[in-house]
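Here are a few notes to help you find your way around this one. Have a look at the structure first, then read on.

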Amino acid sequence: MKTSKPAAYDLVSRFNHWIVAFAMIGMLAFGIYIDDFVPRGPQAGALLQTHKALGVLVLAYGLWRVGWRLARGFLDSAARMPAWQEILSKITHWVLIAGIILMPLSGMTTSLFGGHDINIFGLFTIPGFTENKTVSDLAGDAHGTIANILIAFIVLHIAGALKHHVIDRDTTLVRMTTGRTER
Ligand code: HEM
Ligand code: HEM
C-alpha cells in the first residue's frame, strides 16, 4: 500500500543526481562533437585527452553517486501510475545507473588496450597496457553503442519527468529539484 506522502530525496541524492546528469549529458555531447565534427588530427587528439581526463573524473564521482543510490535503494514512485509506466521507469533508472559506470569504463578500456596512457590533467597518469587491438576496437564499439542507447533512455527519462510535471502535475520533478513532496 502506497502512503499519500511519498518519500523525499535527501540533499546528497539531489546534488548527486544533477551533477552527474549534466556531466553525462555534457560528456555525451563532447564525445559526439569530437567524433563527428572535428577532423582527425592534433586538435581532435587534444580534445580527446580532455574528454578522457574528464571521463575518469566522472567515473570517480559516478561510483560514489551510484553507490549512494544502491546503498539507499530507489524510492517508491511519487505518483500512482499504470504498471507499464512503473516498469518502464524502473528499467530506465537501471539503464541510466549502468550507463554512468559503463560509459567511462568502456572508454578507458578502449584507450588503455589501445596502448595509450590516460593523463588526468597532469596530476597523475594511468599507464596504457600492451596494445590489444581486438579488445580496444570492441570496447570502442561498445562505447559508441552504449552512448546511443543511453541517449535514447535519457530522452525518455526527460520526457517522463516533463509529462509528470506538466500533464499529471504530480511531485515527481519537484522532489528531485527543491526536494518538496507537495505541490
Ligand atoms: C563519462 C562518460 C563518458 C561519456 C558519456 C563518453 C561519451 C563519448 C561519446 C558519445 C563518444 C563518441 C562515440 C561514437 O560516436 O563512436 C566518445 C568517444 C570516445 N571516448 Fe568517451 N565518453 C566518456 C568517457 C570516456 C573515458 C573515461 C574515456 C577514456 C579514458 C573515453 C574515451 C573515448 C575515446 C577514445 C573515444 C573515441 C572514439 C571511440 O573509439 O569510440 N571516453 N565518448
Ligand atoms: C535534464 C535532465 C534530467 C531531468 C529533468 C531528470 C529528472 C529526474 C527526476 C524528476 C527523477 C526522479 C524520478 C522519481 O523519483 O521517480 C530522476 C531520477 C533519476 N535520474 Fe534523472 N533527470 C535528468 C537527467 C538524468 C541523467 C542524464 C541521468 C543519468 C545518466 C539521470 C539519472 C537518474 C537516475 C538514475 C534516477 C533515479 C534516482 C537516482 O538514483 O537519482 N537523470 N531524474
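The points below cover a helix pair, two metal sites and one further residue.

1. Before anything else, keep in mind that this is a predicted model. Every value in these notes is computed from it.

2. A good place to begin is the pair formed by helix H1 (residues 11–37) and helix H2 (residues 42–72). Their axes come within 10 Å and cross at roughly 155°. Angles over 145 degrees count as roughly antiparallel, so H1 is roughly antiparallel to H2. As for handedness, the crossing of H1 and H2 is left-handed. What kinds of residues make up the contact of H1 with H2? The split is 18 nonpolar, seven polar and two charged.

3. Now for the iron atom of ligand 1. Its protein donors are His51 and His143, each through NE2, at 2.0 to 2.1 Å. His51 sits in helix H2 and His143 in helix H4 (residues 133–168), so this pair ties together parts of the chain that are 92 residues apart in sequence. Six donor atoms surround the iron atom of ligand 1, and because the angles they subtend run from 86 to 179°, the arrangement is octahedral. For six octahedral donors, the ideal angles are 90 or 180 degrees.

4. Are the two histidines at ligand 1 buried or exposed? His51 has 13% relative accessibility, so it counts as buried. His143, at 21%, counts as partly exposed. The cut-off for buried is under 20%.

5. The iron atom of ligand 2 has its own histidine pair: His17 and His157 coordinate it through NE2, at 2.0 Å. Here too, distant parts of the chain are linked, with His17 in helix H1 and His157 in helix H4, 140 residues apart. The site of the iron atom of ligand 2 is octahedral, with angles of 85 to 179° among its six donor atoms.

6. What about accessibility at ligand 2? His17 comes out at 13% relative accessibility and therefore counts as buried. His157 comes out at 25%, so it counts as partly exposed.

7. One last residue to look up is Ala139, which lies in helix H4. With a relative accessible area of 9%, Ala139 is buried. How far apart in space are Ala139 and Asp35? Their C-alpha atoms are 15 Å apart, while the two residues are separated by 104 residues in sequence.

Technical notes: Residues numbered from 1 in each chain as written. Chains lettered and ligands numbered in written order. Predicted model: local features only at pLDDT ≥ 70, side-chain atom pairs only at ≥ 80, totals over all residues. Heavy atoms only, no water. Axes fitted to C-alpha atoms, helices over the stretch in contact; angles between N-to-C directions. Helix = DSSP H or I, 4+ residues; strand = E, 2+ residues; numbered from the N terminus. Parallel < 35°, antiparallel > 145°, perpendicular 65-115°, else oblique. Left-handed = near helix turned anticlockwise from the far one by under 90°. Nonpolar A, V, L, I, M, F, W, Y, C, P; charged D, E, K, R; others polar. Donors = N, O, S within 2.8 Å, 3.2 Å for Na, K, Ca; no water. Tetrahedral: all angles 85-135°; square planar, octahedral: opposite > 155°, others 65-115°. Buried < 20%, exposed > 50% of the residue type's maximum accessible area, 1.4 Å probe, protein only.
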